[in-house]
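Biologist: I should be grateful for a close look at a single helix in this model and at what surrounds it. Please start from the chain as a whole and work towards that part.

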Amino acid sequence: MSQSPAPSSARIIGDHYQRLGASYDDYLHYSDDFVRSLTSEMIRSLDLQEDNVLVDLGGGTGMYAADILAQVPLSHPVILVEPFAEMLANVPADLPIECVAKDALAFSAEARRYDKVLMKEAVHHVADRPTLFANLHGRLGPGGRFLLVHVPPELDYPLFEAALARSRT
């Protein structure tokens, strides 16, 4: 009896986000205060100005883009790049957000210019990071900034010890 080949990691990830799309914010929007604390720091780190063109790379449902827009009235729509239509379907339609259904690497190769790029919790999905970073660098305008936000693989925090122990088995 022959076995079916193991599904590719890209397919597993795709299936995961397609299933999760409708309920993503339910799992990851811990509280308005939590989101605001993160976005306030993102705005500061990006030195985000009203006339900037902001890209939210791997922006999912637009949770962070929406809160950034609540704090900084950008004169250009946020460009939210997300490869999964199920995630983009939950981006608030009443906000100035341009949804781009592409993966980060494909988007970074497009001949666009932007001022600021936010990539939160998405870089681990990109296999060719050197090309991604080179592409983004080449598309950022003078004084442009790229903010990469990513949780370290291990946290030195007692609350997570049991979870870390389980993940290692």
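Of the 169 residues of the chain, what percentage count as buried? Which residues of helix α7 are buried, and which elements do the buried residues of α7 pack against?

Modeller: This is a predicted model, in which local features need pLDDT of at least 70 and side-chain atom pairs count only at pLDDT 80 or more, while totals for chains, interfaces and linings use all residues. Residues are numbered from 1 along each chain as its sequence is written, and side-chain values use heavy atoms, with hydrogens and water left out.

Of the 169 residues, 37% count as buried. Buried means under 20% relative accessible area, exposed means over 50%, and partly exposed lies in between, with a 1.4 Å probe and protein chains only. The chain has an accessible surface of about 10100 Å², and carbon and sulfur atoms account for 55% of that area; the Shrake-Rupley method with a 1.4 Å probe supplies these areas, and for residues only the protein chains shown count as cover. There are eight helices and five strands, arranged along the sequence as α-α-α-β-α-β-α-β-α-β-α-β-α. Both kinds of element are DSSP runs numbered from the N terminus: helices are H or I with at least four residues, strands are E with at least two.

Helix α7 comprises residues 129-139, and its buried residues are L132, N135, L136 and R139. These residues cover an arc of only 95° around the axis, which puts them on the same side of α7; the arc is that of the directions from the helix axis to the C-beta atoms. An α-helix has 3.6 residues a turn, so residues three or four places apart point the same way. The face turned away from the buried side of α7 carries P130 and H137, which are exposed.

The buried residues of α7 pack against β1 (54-57), α6 (104-108), β4 (114-120) and β5 (140-149), where a contact means heavy atoms within 4.5 Å. Within α7, N135 counts as buried because its relative accessibility is 17%. Leaving aside residues up to four places away in sequence, N135 touches L105, S108 and A109.

Three of the elements that α7 packs against, namely β1, β4 and β5, belong to an open sheet of five strands with the order β3-β2-β1-β4-β5 and parallel pairing. β3 (97-100) and β5 stand at the edges with a single partner strand each, so one side of each has no neighbour in the sheet. Neighbouring strands of this sheet are turned by 20° against each other on average, direction ignored; axes are lines fitted to C-alpha atoms, for helices over the stretch in contact, and angles run from 0 to 180 degrees between N-to-C directions. Two strands pair if DSSP finds at least two bridges between them. β4 and β5 are joined in the parallel sense by six bridges, with L147 of β5 as the partner of L118 and V149 of β5 as the partner of K120. β1 and β4, also parallel, share three bridges, and L54 stands opposite K116 of β4. Six of the seven residues of β4 are buried, so this strand is largely enclosed by the rest of the structure.

The aromatic rings add a further link to α7. Two aromatic pairs are found in the whole structure. Rings of Phe, Tyr and Trp (its six-membered ring) pair if their centres lie within 6.5 Å; planes under 30 degrees apart count as stacked, over 60 as edge-to-face and the rest as tilted. F107 and Y114 have ring centres 5.7 Å apart and planes at 20°, so this pair is stacked. F107 is buried at a relative accessible area of 0%, and Y114 is buried at 1%. F133 and F146 have ring centres 5.7 Å apart and planes at 50°, so this pair is tilted. The tilted pair links distant parts of the chain, with F133 in helix α7 and F146 in strand β5, 13 residues apart. F133 counts as partly exposed at 32% relative accessibility, as does F146 at 29%.

Finally, the loop between β4 and α7 holds E121. E121 has a positive phi of about 55° although it is not a glycine, and at 26% relative accessibility E121 counts as partly exposed.
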